[in-house]
Amino acid sequence: MNYEIGLYAHNAEAYEKVKEKFKENDRTCIIHATGTGKSFIALQLMYDFIKENPNRKIVYLTPLTGIKTQLNEHINNIKESETFHKEYFDNVEFINYQSLMTKSREELQNLDVNLLVVDEFHHIGAPEWTKAINLLCESHPEMKIFGMSATSVRNRGTGKAEDVADTFFEGNIASEYPLEEAIADGVLPAPNYHAALVFLEDECVQLEKKIEEEKTSAEEKLEYAKILKGIKNKIASLGEASVQDLIREHIKPDGKYIYFCPKGVNMDELQHNFLEMLTPEMRENIEFYQVHSGDFTDKKNEISAENFYNNITSTGEDAKGKLRVMFAIDMYNEGIHVPDIDGVIMGRNTESDIIFYQQLGRALAVKKKSDNAEDVSARPLVIDLQDNFRKILKLYREVEHVQRERVSDTEKEKISKERRELFYTFGLADEIINIVEELDYVKGKISSTLSFEEKMQEFLAYIRETGIPTRANISAKFSDDTKMGMWWSDNKKKIEAMRDIDPIVGEIMTIY
């Protein structure tokens with residue numbers, strides 16, 4: 001089969017499944033991990049659609065305008081040949097979600113579209129976009145719709161969770177390729193993960209406090225205290241690395257990184273703190289970039305993003321050879337892939353595994369687009385400044401499960417140590433894995449009820465991820481399975497007294 005766009009084997013297989021689905025349905029989608037090349041499947045689909053229907057029109061719906069620039073670059077990089085017609089893509093119109101929502105009923109009805117490509121399709125379940133999408137579909141009954149996303153579920157973990165692959169695409173999933181399979185296949189590299197052990201020490205302290213508060217027997221308290229003391233000793237024996245140690249040891253002087261920042265942070269102050277952690281030599285050869293959805297204009301975001309993408313300084317000079325760090329708030333979580341990224345720095349605390357894997361994907365999506373299927377960059381660096389040990393460990397175990405399921409029972413014990421290190425360790429030493437497992441054992445033994453402070457942390461994390469709810473009866477639940485809405489109603493005065501711990505608390509109290 002001739003794929004003018006150039007597809008790797010896993011994407012070619014998925015594309016053939018998409019074509020088969022379209023023979024039976026007008027809607028279909030793929031759910032592929034971030035960085036596996038979903039965009040190339042869309043490009044091949046659009047190319048073939050215009051080749052077979054020269055007068056037809058395509059609308060590419062995207063959450064970010066920068067995706068258009070990225071796709072155009074992919075198109076421009078395709079090798080010229082007698083069979084490739086770049087002009088086919090002139091039939092494609094790019095529209096972002098926000099623009100679609102602002103179109104009038106008449107504009108939607110008159111939109112010239114025969115194929116709708118929906119990027120990051122989990123977004124279209126949002127009420128503000130559902131109305132526009134449904135009207136577009138009703139007014140174009142012959143239109144084919146192709147969706148792609150790394151996840152089909154929006155609002156995962158809340159009472160408002162929705163699987164858009166079921167509700168909008170009616171379960172017509174052509175192909176699924178989760179992150180653990182992509183790593184096990186070698187399509188994506190395993191991350192080189194590093195985090196400060198101070199987070200595990202903090203967990204020990206919190207558990208010790210909780211054990212004293214729980215109605216457990218003296219024997220049980222003694223048992224748990226002994227385990228926690230052993231964990232502390234193990235952490236001490238590993239040598240406690242500070243955040244500065246992690247930065248200085250692993251950041252390359254000429255590397256390129258994305259720093260995911262928490263909402264509401266002072267970017268200039270954060271950059272100053274980061275600068276202080278670097279060696280004097282690195283401070284003299286660095287270029288900072290910023291993109292965020294706050295007080296920056298779209299134009300400033302666009303210029304900064306393009307400079308970072310193309311390795312250009314703010315003064316228009318070549319930035320290659322410098323340490324380049326992009327500080328991002330609510331940007332780069334999805335959709336856009338920056339070339340030659342060496343890694344990511346996770347500075348944003350997130351309870352959402354979706355956002356965590358999206359951010360992780362910015363580092364994992366480093367497989368180069370070339371004719372050589374074996375052309376893979378080095379394992380990307382992930383420096384975790386938050387407590388994501390369990391999320392990365394969960395991925396580690398999922399990859400291990402996939403790999404072991406693919407071999408016979410007689411071969412399972414023959415997986416070499418080298419192969420295990422390549423696919424499984426993710427930079428996590430066995431000692432750290434054992435520590436996390438022991439902490440989880442103690443957590444499972446004591447009461448699972450969260451303290452007020454713990455619930456406050458989870459509540460603020462939920463608000464930062466989903467925005468302030470429109471009413472107080474929040475349907476989401478805490479990790480101990482109690483309802484947030486009920487807790488909110490019972491603790492309004494106590495919550496109001498904690499305005500100083502987070503600015504968003506003040507915003508919430510003005511609404512409720």
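Which residue in strand 8 does C29 stand opposite? I started my notebook with that one, and the residue turned out to be I173. A reminder to myself before going on: this is a predicted model.

**Entry 1: the sheet around strand 1**

I looked at how strand 1, residues 27-32, is joined to strand 8, and I found four bridges, with the two strands running parallel. Next I traced the whole sheet. Six strands make it up, in the order 3-2-4-5-1-8, and the sheet is open with parallel pairing. Strand 3 (92-96) and strand 8 (173-177) are the edges; each has a single partner strand, so one side of each is left without a neighbour in the sheet. I also looked up the turn between neighbouring strands here, and on average it is 15 degrees, direction ignored.

**Entry 2: the other sheet**

I then went to the sheet that holds strand 10. This one is also open, with six strands in the order 9-14-13-10-12-11 and parallel pairing. At its edges I noted strand 9 (192-195) and strand 11 (286-292), each of which pairs on one side only. The twist from one strand to the next averages 20 degrees. Strand 10 and strand 12 pair in parallel over five bridges, and across that pairing I258 stands opposite M326 in strand 12.

**Entry 3: aromatic pairs**

How many aromatic pairs does the structure hold? I got 15. I opened F168 and F169 to see how their rings sit: the centres are 5.0 Å apart and the planes are at 80 degrees, so I put this pair down as edge-to-face. F168 has a relative accessibility of 7%, which counts as buried. F169 is buried too, at a relative accessible area of 0%.

Y259 and F327 gave me a stacked pair, with 4.9 Å from centre to centre and 20 degrees between the planes. Y259 is in strand 10 (residues 256-260) and F327 in strand 12 (residues 323-329), so this pair ties together parts that are 68 residues apart in sequence. I checked burial for Y259 and F327, and both are buried. I also wrote down one aromatic cluster, formed by Y47, F84, Y88 and F89.

**Entry 4: three arginines**

I looked up R362 first, and found it in helix 15 (residues 353-364). What is the nearest side chain of opposite charge to R362? That is E120, at 5.5 Å; R362 is buried yet has no salt bridge. The cut-off I had in mind for a salt bridge is 4 Å. The side chain of R362 does reach the backbone oxygen of Q358, at 3.1 Å.

R56 was my next stop. Its place is in the loop between helix 2 (38-52) and strand 2 (58-62). Is R56 buried or partly exposed? R56 is partly exposed, as its relative accessible area is 37%. I also checked R56 against V92: they are 36 residues apart along the chain, and their C-alpha atoms are separated by 9.4 Å.

Last came R283, which I found in helix 13 (residues 280-283). R283 has a relative accessible area of 29%, so I wrote it down as partly exposed. From R283 to K322 I noted 9.9 Å, C-alpha to C-alpha, with their positions 39 residues apart in sequence.

Conventions: Residues are numbered from 1 along each chain as its sequence is written. This is a predicted model: local features need pLDDT of at least 70, side-chain atom pairs count only at pLDDT 80 or more; totals for chains, interfaces and linings use all residues. Side-chain values use heavy atoms; hydrogens and water are left out. Two strands pair if DSSP finds at least two bridges between them. Axes are lines fitted to C-alpha atoms, for helices over the stretch in contact, and angles run from 0 to 180 degrees between N-to-C directions. Buried means under 20% relative accessible area, exposed over 50%, partly exposed in between (1.4 Å probe, protein chains only). Lys and Arg count as positive and Asp and Glu as negative; His and the chain ends are not counted. A polar contact is a pair of N or O atoms within 3.5 Å; within protein, one must be able to donate a hydrogen and the other to accept it, and residues adjacent in sequence count only if both atoms are side-chain atoms. Rings of Phe, Tyr and Trp (its six-membered ring) pair if their centres lie within 6.5 Å; planes under 30 degrees apart count as stacked, over 60 as edge-to-face and the rest as tilted.
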